[in-house]
Amino acid sequence: MGESKLDHDKMDIQQFREDLLNWFVREQRDLPWRKDNQPYKVWVSEIMLQQTRVDTVIPYFERFMEEFPDMEAFAAADDESVLKIWEGLGYYSRVRNLHSAVKEVVEHYDGKVPDTREEISKLKGVGPYTAGAILSIAYGKPEPAVDGNVMRVLSRILLIEEDIAKPSTRKVFEAAVRTLIDPANPSYFNQALMELGALICTPTSPACLLCPVREHCKGYANGKEQVLPVKTRKKSVKHLSLLSAVLKTADNLYLIRKRPNEGLLANLWEFPTVEVATSKQYSTQRQVLSRYLEKEYETNIQLETGTFTHVDHIFSHLTWSMDVFAGEISKTLNHQDEVRLVTQEELETLAFPVPHQKIWKAYKEIYAMNK
DNA sequence: CATGCGTGGGT
DNA sequence: TACCCAAGCAT
């Protein structure tokens with residue numbers, strides 16, 4: 001008597017919270033964005049961490065906070081600096097949206113990050129996960145922050161077999177978190193679930209024997225920890241062949257152009273590049289590229305006979321196979337927004353996608369112009 | 001709801 | 001090699 005199912009679950013939930021949070025207090029990693037809970041820092045770190053590993057983010061976060069220590073500093077930054085500090089981190093629309101949203105907060109929220117889901121969700125780039133993360137970590141609010149870690153961890157603990165690849169499934173886990181979350185410390189609860197997913201309850205071969213909440217785990221109890229979460233995989237990637245050129249004038253200026261302001265690698269700079277149907281012989285490639293460049297830039301261009309490098313790059317949804325020529329431009333051209341002739345030093349202040357960084361690195365090594 | 005959007009690491 | 005994965009969001 002008095003041992004209703006609800007009472008039993010309540011007891012279990014309290015023990016679960018205690019075991020989880022004790023583990024987190026003991027084992028959490030020392031990360032630069034955990035030094036304090038300033039909303040701005042939490043916000044920046046959460047945007048950087050979207051689909052991105054902790055080890056990758058750390059140096060970016062340090063540089064970011066050094067250059068833009070507060071929202072006012074970041075709001076005042078120019079677009080090129082904003083893109084440059086994100087160079088190599090990927091998903092570049094994140095920083096464009098963050099810049100826009102921080103300016104919005106500085107100008108229309110009196111410099112204070114909103115503390116309700118309703119208001120914070122209006123900011124560009126702040127979706128359901130990021131809203132919950134900021135609200136719980138910076139403001140201590142009992143809001144779910146459901147990311148891939150949380151879905152994996154809770155699918156095992158609660159033995160939830162819904163397909164986590166489906167967008168609608170997130171709601172199931174948000175409901176679960178609302179039941180489980182520790183009202184006394186929502187910040188640690190949410191972070192602990194994610195930390196557990198990163199350190200113990202990993203995608204492959206979870207370390208169940210080291211798990212602080214193994215006794216609460218239905219997946220483990222049923223021998224299903226290896227088959228959870230259920231996740232359907234997606235489509236194959238498309239392969240593209242590209243020809244690219246590093247073009248230099250007689251007075252050592254390089255031709256670069258800005259990519260379109262939306263879509264893949266939006267607003268980043270690149271060496272002139274053209275897509276071709278298939279990879280062909282160098283002589284044919286050289287002809288195709290030469291014709292393209294002369295038509296595009298209406299200037300005389302002399303390409304070297306063979307390519308100086310080949311770059312393969314794998315994106316999440318497509319691959320580039322790039323053959324790259326070096327060449328000379330015989331005439332200068334008018335400066336435009338999208339096309340520029342720049343010195344080596346100027347070039348290196350601008351943001352390039354990784355494959356073009358590889359091209360530039362190979363070019364400098366081959367033409368012995370390091371330093 | 002499905003798709004596009006980066007990059008680097010792991011097996 | 002060829003996947004799969006990582007603190008998602010906008011459209």
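Guide: A polar contact is a pair of N or O atoms within 3.5 Å. Keep that cut-off in mind for this predicted model.

Visitor: Which backbone atom of Val354 or Leu265 should I look at, and how far is it from a phosphate oxygen of DNA strand B?

Guide: Take a polar backbone atom in each case. For Val354, the distance to a phosphate oxygen of DNA strand B is 3.2 Å. For Leu265, the corresponding distance is 2.3 Å. A side chain takes part too: an N or O atom of His313 lies 3.1 Å from a phosphate oxygen of this strand.

Visitor: Which elements give two or more residues to the surface near DNA strand B?

Guide: Strand S6 (309-314) and helix H15 (354-366) do. In total, 20 residues surround DNA strand B. Thr52, Arg53, Tyr92, Leu265 and His317 are the closest.

Visitor: How do the residues of that surface divide by class?

Guide: There are 10 nonpolar, nine polar and one charged. On the DNA side, sugar or phosphate supplies 58% of the strand B atoms within 4 Å of the protein, and bases supply the rest.

Visitor: Now DNA strand C. Which residues come nearest?

Guide: Gln51, Gly125, Asp147, Asn149 and Pro203, out of 26 around the strand. Of the strand C atoms that come within 4 Å of the protein, 67% are sugar and phosphate.

Visitor: Where do Leu49, Gly125 and Thr130 meet DNA strand C?

Guide: Start with Gly125. One of its backbone N or O atoms is 2.4 Å from a phosphate oxygen of strand C. Thr130 uses its side chain: an N or O atom there is 2.7 Å from a phosphate oxygen. Leu49 has a backbone N or O atom 3.4 Å from a sugar or linking oxygen. Two or more residues of this surface come from each of helix H2 (39-49), helix H8 (128-139) and helix H9 (148-157). By class, the surface holds nine nonpolar, eight polar and nine charged residues.

Visitor: How do H2 and H8 pack?

Guide: First the general idea. Two packed helices are described by an angle and a distance, both taken between their axes. Here the angle is about 145° and the axes are 9 Å apart. The crossing of H2 past H8 is right-handed.

Visitor: Which residues in H2 and H8 meet?

Guide: H2 brings Pro39, Val42, Trp43, Glu46 and Ile47. H8 brings Tyr129, Thr130, Ala133, Ile134, Ile137, Ala138 and Tyr139. By class, the contact has 10 nonpolar residues, one polar and one charged.

Visitor: Which peptide bond is cis, and where is Pro229?

Guide: The general rule comes first. Most peptide bonds are trans, and most residues other than glycine have a negative phi. The bond joining Leu228 and Pro229 is cis, with omega about 0°. Pro229 sits in the loop between helix H12 (218-221) and strand S1 (238-249).

Visitor: What is phi of Leu159?

Guide: Phi is near 55°, a positive value in a residue other than glycine. Leu159 is in the loop between H9 and helix H10 (170-180).

Visitor: Where does pLDDT stay under 50?

Guide: Again, the general idea first. Predicted coordinates should not be read in detail where pLDDT is low. In this structure, residues 1-7 stay under 50. The model gives that stretch two contacts beyond four places in sequence. For chain A, the mean pLDDT is 91, with 93% of its residues at 70 or more.

Methods
Residues numbered from 1 in each chain as written. Chains lettered and ligands numbered in written order. Predicted model: local features only at pLDDT ≥ 70, side-chain atom pairs only at ≥ 80, totals over all residues. Heavy atoms only, no water. Near = heavy atom within 4 Å. Polar contact = N/O pair within 3.5 Å; in protein donor to acceptor, adjacent residues only side chain to side chain. Helix = DSSP H or I, 4+ residues; strand = E, 2+ residues; numbered from the N terminus. Nonpolar A, V, L, I, M, F, W, Y, C, P; charged D, E, K, R; others polar. Axes fitted to C-alpha atoms, helices over the stretch in contact; angles between N-to-C directions. Left-handed = near helix turned anticlockwise from the far one by under 90°. Contact = heavy atoms within 4.5 Å. pLDDT = per-residue confidence, 0-100.
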